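Hi everyone, thanks for coming. Please have a look at the picture I'm about to put up, and then I'll walk you through it.

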There are 2 protein chains.
Amino acid sequence: VTVSDLTEAELIARIQARLPPAPEWVVVGIGDDAAVVEPERNRLQVLTTDSVVEGVHFDRRFTPPDAIGHRALAVNLSDLAAMGASPRLALLSLVLPPALPCSDFDGLVGGLAALAERHRLPVVGGNLSRSPGPVVVDVTLVGSVKPRQALTRSGARPGDALYVTGTIGGAAAGLQMLQAAPTPGQSDARPAGGDGPGAAPPTSPSGDEGVRRCVLRYLYATPRVKAGLLIARNRAATACVDLSDGLADGVRQLARAGGVGFRVDLDLVPVDPDALQWFEARGPDASIQALSGGDDYELLFTSRPKLAGRLLPAARHAGVPLTRIGVCTAEPELLLRRDGGSESYLPMPAGFGHFG
Amino acid sequence: VTVSDLTEAELIARIQARLPPAPEWVVVGIGDDAAVVEPERNRLQVLTTDSVVEGVHFDRRFTPPDAIGHRALAVNLSDLAAMGASPRLALLSLVLPPALPCSDFDGLVGGLAALAERHRLPVVGGNLSRSPGPVVVDVTLVGSVKPRQALTRSGARPGDALYVTGTIGGAAAGLQMLQAAPTPGQSDARPAGGDGPGAAPPTSPSGDEGVRRCVLRYLYATPRVKAGLLIARNRAATACVDLSDGLADGVRQLARAGGVGFRVDLDLVPVDPDALQWFEARGPDASIQALSGGDDYELLFTSRPKLAGRLLPAARHAGVPLTRIGVCTAEPELLLRRDGGSESYLPMPAGFGHFG
């Protein structure tokens, strides 16, 4: 059974069955020409839209359907996190090939619904369209933030410290592991059910557990929504960006938007240990490979050095490590310092773009 | 030069160059992780998302790029119109093949920007992605409506009169004319510039002017934003839907949502005269062909018979004709009455869906 065997109304009903009931501030939900909601009082609205496209952002040969739905929502939650905003509602636009099996449709919607439920995020409307080619999942999120608490990309000033949440490189390594594996079963890498990664390439130096961790990191990345909220609330941060296109790209974005430069200490960058092993086995400059890899959904932000003490409680509450990895400079240059030495500067590697 | 020759930042700059400057209530606009806006006071928010997909909603062989951009915004404006809402802001998500010429990119964005400007609608954010296949343009709109003035699909009650704005069938005829024409030049059908339709099929009974009108109607449909606002404001209307999928489909939607039926008088349906000639030359039941055709973007709504007098000023102000075409019935059936006779009922034809 494929999606073309069902009517649009039947497909919408299948989506609704997987979503939690809408909260009372949703006046008109799914099924009309548009959704109607009561706005939040005394908040600014934060809006973002981002799509994931088959063959560009995911490969259906090794990405289970629920991971596609998860990713489509996670990239957007990560954008709101980078603004310090609370997610409030979602719109879901699906462009689907008629031959898509209904079980894949259900899986995709289920993966998105599971992440939405974790953030108590109602899906208030959307759209279904046929695709003559790839699967495209386009999610729009509306969030909210208190006035003057929105974190933009442009606030970094010389002397600010540069921080990153969590670890980097894990998702990029996970993707490479999946690409290196001999066409795994689509559902073998799910976190629940199944007792092995199924997608383990034979030559992993990290062992099966390391592969499994990186693969899950890639397939089911956790957007740093709570960390973004807490970082924005205590006013220590001056600028923030999310790392969907990699750390090198994030540093470049903060520099461009702020008209400043950055010096990053490569030794301080918290590269995922499993990813580091993987990259080391594959070529020189393992840390630099990690800097170029995308899909981590960590937050990169700057902080006034004096206010950095406020960051520790934020990190503790969000349950995610914060690492200082560099400093903002007046010179609009991007420099990587290696081995603590002040001599051995390297240019920043290119980012990981999804266009061109 | 194609879009793959430009960076994402360069493409975004080309979009911004075509858009009017953002109003002051846009706190953070294009270029950050998300947009930040001040909400409107004392209004409900109305949200809609809709995509147009190459090969499904448009054919690039005979749809000029600016008409693709126009359509992507018009379908969404039409959804807001059907809710009686004012459009406030837009988000634009583009999924583009790398081989798309930059001139087509500029045309597409320009067509969207021109319609946005007509509605004083800022584009506050969006997303660009590469496509391994078709062009996909996904627009999200946020609008606003006064509390208790939102028009839904579900309010029709037995005895209510059924009205439609404007005329129907023109867009469907225009599409057929384009499909019948020998691969016209992409830009020949634009309203400004050029002195002929360029896409005229040789066998048109309506003459070149009729063909030109229908083709323009299809390519540059006018969403009934002002009519929707005025119909909702004077509280005469009880339910409303837009006709993007055709009149037959619209009647079906109002019936399903309201748990009611409708009797439509075929003789009263305001079929576009050029379209009627076109359909008559192509088969029997020309009016029924018009009822099944999509893309008209008119509004179909019900009104309490006692309050119908309020509709005339609304129509006058919106500058669009309103025509009573039927009545809402308690029996949940859809019937077409022909030639004024009460005997000759026909079942409603199927609608024009974009899925399955």
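I'll talk about aromatic pairs first and then about a charged patch on the surface.

Before we start, please keep in mind that this is a predicted model.

So, how many aromatic pairs does the structure hold over all chains? There are two. In chain A, the partners are A:Tyr163 and A:Phe301: their ring centres are 5.6 Å apart and their planes meet at 10°, so we call this pair stacked. The cut-off behind that word is an angle under 30 degrees.

Where do these two residues sit? A:Tyr163 belongs to strand β7 and A:Phe301 to strand β10, residues 299-303, so the pair ties together parts that are 138 residues apart in sequence. Are they buried or exposed? A:Tyr163 is buried, with a relative accessible area of 11%, and A:Phe301 is buried too, at 0%.

Now over to chain B. The rings of B:Tyr163 and B:Phe301 also have centres 5.6 Å apart, with planes at 15°, so this pair is stacked as well. Here B:Tyr163 is in strand β7 (residues 161-165) and B:Phe301 in strand β10 (residues 299-303), so again parts 138 residues apart in sequence are tied together. B:Tyr163 is buried at 11% relative accessible area, and B:Phe301 is buried at 0%.

Let's finish on the surface. A:Lys146, A:Arg148, A:Arg233, A:Arg235 and A:Arg310 form a positive patch. One of them, A:Arg148, is in the loop between β6 (136-145) and β7 (161-165) of chain A. With a relative accessible area of 73%, A:Arg148 is exposed.

Thanks for listening!

Key. Residues numbered from 1 in each chain as written. Chains lettered and ligands numbered in written order. Predicted model: local features only at pLDDT ≥ 70, side-chain atom pairs only at ≥ 80, totals over all residues. Heavy atoms only, no water. Patch = residues over 30% accessible without salt bridge, like charges linked within 9 Å, V, L, I, M, F, W, Y side chains within 5 Å. Areas by Shrake-Rupley, 256 points an atom, 1.4 Å probe, with all protein chains shown as cover. Salt bridge = Lys/Arg side-chain N within 4 Å of Asp/Glu carboxyl O. Lys, Arg positive; Asp, Glu negative; His and termini not counted. Charge placed at Lys NZ, Arg CZ, Asp CG, Glu CD. Helix = DSSP H or I, 4+ residues; strand = E, 2+ residues; numbered from the N terminus. Buried < 20%, exposed > 50% of the residue type's maximum accessible area, 1.4 Å probe, protein only. Phe/Tyr/Trp six-rings, centres within 6.5 Å; stacked < 30°, edge-to-face > 60°.
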